[in-house]
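Thank you all for making the time; I would like to walk you through one model this morning, going from the chain as a whole to a few individual residues.

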Amino acid sequence: MQQKSIYVIIAVLVALVAALAGSLVAVVEGGRPTVAFRTGVTTFAGALTLVLGVMVCLGVVGS
């Protein structure tokens with residue numbers, strides 16, 4: 001049980017890094033802070049869904 005929670009924490013951290021990268025790309029391309037925030041939120045949601053989906057398929061998390 002404890003090992004599975006560590007994998008979930010890693011998934012959240014990976015999604016946060018992806019969101020940060022998405023926000024930085026939006027800022028570098030000349031986007032306003034609101035656009036960067038929206039890009040970060042969208043990237044976080046997509047990356048978290050993708051990483052958790054892969055972990056479920058591999059049998060790392062889930063029942």
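I will begin with the overall picture, then take the two helices in turn, and finish with single positions.

Before that, a word on the basis: this is a predicted model, in which local features need pLDDT of at least 70 and side-chain atom pairs count only at pLDDT 80 or more, while totals for chains, interfaces and linings use all residues. Residues are numbered from 1 along each chain as its sequence is written, and side-chain values use heavy atoms, with hydrogens and water left out.

The chain has 2 helices and 0 strands, where helices (H or I, at least four residues) and strands (E, at least two) are DSSP runs numbered from the N terminus. Its radius of gyration is 14 Å, well over the 11 Å that the globule rule gives for 63 residues, so the chain is more spread out than a compact globule; the radius is taken over C-alpha atoms, and the rule is 2.2 Å times the number of residues to the power 0.38. Along the principal axes, the C-alpha trace spans about 45 × 20 × 15 Å.

Of the 63 residues, 19% are buried, and here buried means under 20% relative accessible area, exposed over 50%, and partly exposed in between, with a 1.4 Å probe and protein chains only. Taking contact to mean heavy atoms within 4.5 Å, we find that among contacts between residues at least 6 apart in sequence, 69% join residues at least 24 apart.

Let me turn to the first helix. α1 covers residues 2-28, and its end C-alpha atoms are 39 Å apart, which agrees with the 39 Å that its 27 residues should span at 1.5 Å a residue, the expected span being 1.5 Å times one less than the number of residues. Its buried residues are A11, A15, A19, G22, S23 and A26, and they pack against α2. After α1 comes G30, which has a positive phi, near 95°.

The second helix, α2, takes in residues 33-58; with 26 residues, α2 reaches 37 Å from its first C-alpha to its last, close to the 38 Å expected. Within α2, A36, G40, A47, L48 and M55 are buried, and these in turn pack against α1. The residue following α2 is G59, again with a positive phi, in this case near 85°.

Now to individual positions, starting with those that face the other helix. Which residues does S23 touch, if we do not count those up to four places away in sequence? They are A36 and G40, and S23 itself is buried, at a relative accessible area of 18%. From the α2 side, A47 counts as buried at 14% relative accessibility and, leaving aside its neighbours within four places in sequence, is in contact with A15 and A18. A47 and L16, which are 31 residues apart in sequence, lie 8.3 Å apart, C-alpha to C-alpha.

A45, also in α2, is partly exposed at 41% relative accessibility, and its C-alpha atom is separated by 9.8 Å from that of A18, 27 residues away along the chain.

Finally, is I9 of α1 buried or exposed? I9 is exposed, with a relative accessible area of 51%.
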